[in-house]
Amino acid sequence: MAERRRYLICYDIAHPRRWRRIFRLVRDYARPLQYSVFIGELSPVEVEQLWGELSALIDPDADRVHCLPL
């Protein structure tokens with residue numbers, strides 16, 4: 001089993017509907033610290049899965065998403 005690491009996930013989403021969808025998605029992987037800042041223990045597979053799901057929801061020209069290992 002892959003080792004889990006702690007990640008800080010934060011985002012700035014331009015459209016309120018996309019923000020709500022992304023909030024619900026990231027909340028399934030990590031716990032919220034603030035409205036757009038989360039912390040979670042994720043495996044490499046979970047990080048890849050989260051990025052795959054996020055890429056389908058965000059507008060790369062208007063939105064910013066960061067997932068930083070701690």
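Two strands pair if DSSP finds at least two bridges between them. Helices (H or I, at least four residues) and strands (E, at least two) are DSSP runs, numbered from the N terminus.

This is a predicted model, in which local features need pLDDT of at least 70 and side-chain atom pairs count only at pLDDT 80 or more, while totals for chains, interfaces and linings use all residues. Residues are numbered from 1 along each chain as its sequence is written, and side-chain values use heavy atoms, with hydrogens and water left out.

**Exercise 1. State how confident the predictor is in the protein chain, and in which strands confidence is lowest and highest.**

Step 1. pLDDT is the predictor's confidence in each residue, from 0 to 100. The protein chain has an average of 94, and 99% of its residues score at least 70.

Step 2. Confidence is lowest in E2, with a mean of 94, and highest in E3, at 97.

**Exercise 2. Determine the strand order of the sheet and name its edge strands.**

Step 1. The sheet is open and has four strands, ordered E2-E3-E1-E4, with antiparallel pairing.

Step 2. E2 and E4 are the edge strands, since each pairs on one side only.

Step 3. From one strand to the next, the twist averages 25 degrees. Axes are lines fitted to C-alpha atoms, for helices over the stretch in contact, and angles run from 0 to 180 degrees between N-to-C directions.

**Exercise 3. Find the residues that stand opposite Val37 in E3.**

Step 1. E3 is joined to the antiparallel E2 by three bridges. A hairpin of two residues makes the connection from E2 to E3. Opposite Val37 stands Gln34.

Step 2. E1 and E3 also run antiparallel, joined by six bridges. Here Cys10 is the residue opposite Val37.

**Exercise 4. Describe how the two helices lie on the sheet.**

Step 1. H1 lies across E1 and E3, and its direction is at about 175 degrees to E1.

Step 2. H2 lies across E1, E3 and E4, and runs at about 140 degrees to E3. Contact means heavy atoms within 4.5 Å.

**Exercise 5. Classify the ring pair Trp19 and Phe23, and place both residues in the fold.**

Step 1. Rings of Phe, Tyr and Trp (its six-membered ring) pair if their centres lie within 6.5 Å; planes under 30 degrees apart count as stacked, over 60 as edge-to-face and the rest as tilted. The structure has three aromatic pairs.

Step 2. For Trp19 and Phe23 the ring centres are 5.3 Å apart and the planes are at 25 degrees, so this pair is stacked.

Step 3. Both residues belong to helix H1 (residues 16–27) and are four residues apart, about one turn of the helix.

Step 4. Buried means under 20% relative accessible area, exposed over 50%, partly exposed in between (1.4 Å probe, protein chains only). Trp19 is partly exposed at 23%, whereas Phe23 is buried at 17%.

Step 5. One aromatic cluster contains Tyr11, Trp19, Phe23 and Phe38.

**Exercise 6. Identify the residues of the largest nonpolar core that touch the most other members, and the elements that supply the core.**

Step 1. A nonpolar core is a set of buried Ala, Val, Leu, Ile, Met, Phe, Trp, Tyr and Cys residues joined through side-chain atoms within 4.5 Å.

Step 2. The largest one has 17 residues, of which Ile9, Tyr11, Val26, Phe38, Leu42, Leu50 and Leu54 touch the most other members.

Step 3. Two or more residues come from each of strand E1 (5–12), H1, strand E3 (37–42), helix H2 (44–57) and strand E4 (64–69). H1 gives the largest share, four residues.

Step 4. Ile9 is situated in E1 and is buried at 0% relative accessibility. Beyond four places in sequence, its contacts include Val26, Phe38, Leu42, Leu50 and Cys67. Ile9 and Cys67 are separated by 58 residues in sequence but by 4.4 Å in space, C-alpha to C-alpha.

Step 5. Leu50 touches Ile9, Leu25, Val26, Tyr29 and Leu42, with residues up to four places away in sequence not counted.

**Exercise 7. Decide whether the loop residues Ser36 and Ser43 are buried or exposed, and list their contacts beyond four places in sequence.**

Step 1. Ser36 is in the loop between strand E2 (31–34) and E3. With a relative accessible area of 18%, Ser36 is buried. Its contacts are Ile9, Cys10, Tyr11 and Trp19.

Step 2. Ser43 sits in the loop between E3 and H2. At 9% relative accessibility, Ser43 is buried. Its contacts are Glu3 and Arg4.
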